[in-house]
Amino acid sequence: MLPLVIALKNTDSGVLVDAVMLAEDDVSIVFSFTRSYFHVDLERVAEAVVFLKAIIAAQTVSELFTVLGRAKQARPSVTAS
């Protein structure tokens with residue numbers, strides 16, 4: 001499995017392809033803390049995280065939850081002793 005990200009740009013003359021990313025390092029930057037996170041409205045966020053983890057091995061599961069706008073799910077659970 002290889003990553004494929006197509007960056008689209010909305011212009012006055014229509015939607016254009018701005019970039020095509022095929023390398024894991026490039027895709028990893030899109031889903032990293034160097035970018036602002038965005039909220040993705042998914043029924044099954046965990047499945048999206050599993051998919052992204054498969055194509056971006058360098059990212060942690062916590063980071064992927066965060067960039068998908070699920071910061072609460074990214075935090076490890078704390079148990080009282």
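This report walks through a predicted model of a small set of features: overall layout, core, helix α2, its salt bridge and a nonpolar surface patch.

**Layout**

Let's start with the fold on paper. The protein has four helices and two strands, and reading from the N terminus the order is β-β-α-α-α-α. Of its 81 residues, 26% are buried. The accessible surface adds up to about 6100 Å², and carbon and sulfur atoms own 57% of that. As for contacts with a separation of 6 or more, 43% of them link residues 24 or more positions apart.

**The core**

Now for the inside. In soluble globular proteins, nonpolar side chains tend to be buried together. Here the largest nonpolar core has 14 residues, and those with the most contacts inside it are V27, F31, V49, L52, I56 and L68. Two elements give two or more residues to this core, namely α2 and α3 (61-67). Helix α2 gives the most, with five residues.

V49 is a handy place to look at how the core is put together. Setting aside residues up to four places away in sequence, V49 touches V61, L64, F65 and L68.

**Helix α2, one side and the other**

Helix α2 covers residues 45-55, and its buried residues are V45, A48, V49, L52 and I55. Why do they sit on the same side of α2? Because they cover an arc of only 130° around the axis. The spacing fits a general rule: an α-helix has 3.6 residues a turn, so residues three or four places apart point the same way. Turn to the other side of α2 and you find E47 and V50, both exposed.

E47 has a partner, too. Side chains of opposite charge can pair when their charged atoms come close. E47 forms a salt bridge with R44, with the closest N and O atoms 3.8 Å apart. A search of the whole structure finds one salt bridge. R44 counts as exposed because its relative accessible area is 54%, and the cut-off for exposed is over 50%.

**The nonpolar surface patch**

Not every nonpolar side chain is tucked away. On the surface, L4, I6, L8, V15, V17, V20 and L22 form a nonpolar patch, and together they have about 710 Å² of accessible area. Strands β1 (5-11) and β2 (14-21) are the elements that give two or more residues to the patch. The largest share, three residues, comes from β2.

L4 lies in the segment before β1, while L8 belongs to strand β1 itself. Both leucines count as exposed: L4 has 52% relative accessibility, and L8 has a relative accessible area of 59%.

Which residues does L8 contact, once its neighbours within four places in sequence are left aside? They are V15, L16, V17 and D18. V15 and V17 are also members of the patch. The pair L8 and D18 is 10 residues apart in sequence, yet C-alpha to C-alpha they are 5.4 Å apart in space.

Here are the exposed residues with their values side by side.

| Residue | Relative accessible area |
|---|---|
| L4 | 52% |
| R44 | 54% |
| L8 | 59% |

To tie up the picture: α2 gives five residues to the largest core, has E47 and V50 exposed on its other side, and E47 pairs with R44 in a salt bridge. Strands β1 and β2, meanwhile, each give two or more residues to the nonpolar surface patch.

Notes
Residues are numbered from 1 along each chain as its sequence is written. This is a predicted model: local features need pLDDT of at least 70, side-chain atom pairs count only at pLDDT 80 or more; totals for chains, interfaces and linings use all residues. Side-chain values use heavy atoms; hydrogens and water are left out. Patches are made of residues with over 30% relative accessible area and no salt bridge: like charges are joined within 9 Å, nonpolar side chains (Val, Leu, Ile, Met, Phe, Trp, Tyr) within 5 Å. Accessible areas come from the Shrake-Rupley method with a 1.4 Å probe; for residues, only the protein chains shown count as cover. A salt bridge is a side-chain nitrogen of Lys or Arg within 4 Å of a carboxyl oxygen of Asp or Glu. Buried means under 20% relative accessible area, exposed over 50%, partly exposed in between (1.4 Å probe, protein chains only). Contact means heavy atoms within 4.5 Å. The arc is that of the directions from the helix axis to the C-beta atoms. A nonpolar core is a set of buried Ala, Val, Leu, Ile, Met, Phe, Trp, Tyr and Cys residues joined through side-chain atoms within 4.5 Å.
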